[in-house]
Amino acid sequence: MIKRSVWLVLVMLAVFTASAQDKKFKVHTIAFYNIENLFDTINDPTINDEEWLRDGRQKWTTKKYKKKLANLSRVLAEIGTGENPEPPTIIGMAEIENRGVLEDLLKQPALVNKDYGIIHFDSPDKRGIDVGLFYNKKHFKPTSYINIPLIIRNGYIAEVEQNEATKESGDGKVTAEYTGRIFTRDQLLVTGLLDGEEVHFIVNHWPSRSGGEKKSSPNREAAAALNRKIIDSLYKINPNTKVITMGDLNDGPYNNSIKKVLGAKGKKDEVKQGGLFNPMEDMAHKGIGTIGYRDAWDIFDQMILTEPLIRKDYSSFRFWKAGVYNKTYLTQATGQYKGYPLRNSNGEVGFSDHFPVYVYLIKQMQ
């Protein structure tokens, strides 16, 4: 009797496997990469880019710039190709100086024939670094895009609107209520059709931990609150909205900004309608990271999805799996920082101090 039961289980498993293999899925890779200080060699007097000049601290030359472009283009073309041979359909990026460096990046041999479009806005970050997005023109058709400013102040102010708060002065002129604003990156919202389905992407680079994690945490919580406001507004328009918010959040999946303010859950069965799923939380528990510091790993680079993307009906695009792209060629091979991301060091051009992250979206083909 026991043998017969085991045989039935094996037969059923074989039938299920054969059935699953008969199904065909369309797959898209959605990626994010903090490409670490992609500066050109031209002095821009409106930003603090002096260290990225020939006579600056980094001794940044045209030769080094071109090497950096070649390195990054290789990575961008290969992210996620382990299970999807095609390069990413969408690539969010952080630490970009301007649109020109993105145009130079797309001229590299590894990307020149990939038919990517660019979405980029200059942000008020005082270092001059922005976020941006590449999209495959064949599969994604942008319908709208906007940069949404993050207004943070180091002084008390009762109410802050999207734009600078103003007040009437005694002589009737309008003056800015300008109290210690921290200039940081905007959040980039891109809406479009992914093979005919509406999907929204938010590209983030939240405020750093400068001054210490605890002291700077309110800045990232403010970024999370803005992010949540954007997502809730999209949910209000459409309860079935598909949003992927991605970026270097400068916090791990377990920090207050993500767990409490954004409200992202690490388990699918905990995500309710209107909620968010963070596949990076499970990776963090397993010790997987995107950035190393003092012999410890953290996963600051994350891809977080709205609830409709984790439903079980694959008749439209759904989340399949997530990953960190940490191939050997992207890591330090020797020395004190062996195993860490291979960044620029001792005058040698590397890749970045972060590993890229990605998710696969799949849809069953008819």
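**Exercise 1. Find where helix α4 bends, and by how much.**

Solution. Start with the element itself: α4 covers 213-237, where helices are DSSP runs of H or I with at least four residues, strands are runs of E with at least two, and both are numbered from the N terminus. Next, look for the bend, which is the angle between axes fitted to the seven residues ending at a residue and the seven starting there. α4 bends by about 25 degrees at Asn-219.

A word on the model: it is predicted, so local features need pLDDT of at least 70 and side-chain atom pairs pLDDT 80 or more, while totals for chains, interfaces and linings use all residues. Residues are numbered from 1 along each chain as its sequence is written, and side-chain values use heavy atoms, leaving out hydrogens and water.

**Exercise 2. Check the span of α4 against its number of residues.**

Solution. The expected span is 1.5 Å times one less than the number of residues. For the 25 residues of α4 this gives 36 Å. Now compare: the end C-alpha atoms are 35 Å apart, which agrees.

**Exercise 3. Describe the largest pocket and its lining.**

Solution. On a 1 Å grid over the protein atoms alone, a pocket is an open set of points with protein on both sides within 12 Å along at least five of seven lines; a cavity is a set where a 1.4 Å probe fits but cannot get out, and lining residues have an atom within 4 Å of a point. Volume is the space filled by probe spheres set on the points, which are joined across faces, edges and corners.

- Size: the largest pocket has a volume of about 1600 Å³.
- Centre: of its 50 lining residues, Ser-208, Arg-209, Ser-210, Asn-250 and Asp-353 are the closest to the centre.
- Elements: α4 gives the most to this lining, with four residues.

**Exercise 4. Do likewise for the largest cavity.**

Solution. There is one cavity of 30 Å³ or more, and the largest holds about 60 Å³ of space. Its lining includes His-120, Asp-130 and Leu-188. Two strands, β4 (130-136) and β10 (187-194), each supply at least two lining residues.

**Exercise 5. Which residues form a cluster of rings?**

Solution. Rings of Phe, Tyr and Trp (its six-membered ring) pair if their centres lie within 6.5 Å; planes under 30 degrees apart are stacked, over 60 edge-to-face, and the rest tilted. The whole structure has 14 aromatic pairs. Ring pairs link Trp-297, Tyr-337, Tyr-340 and Phe-355 into a cluster.
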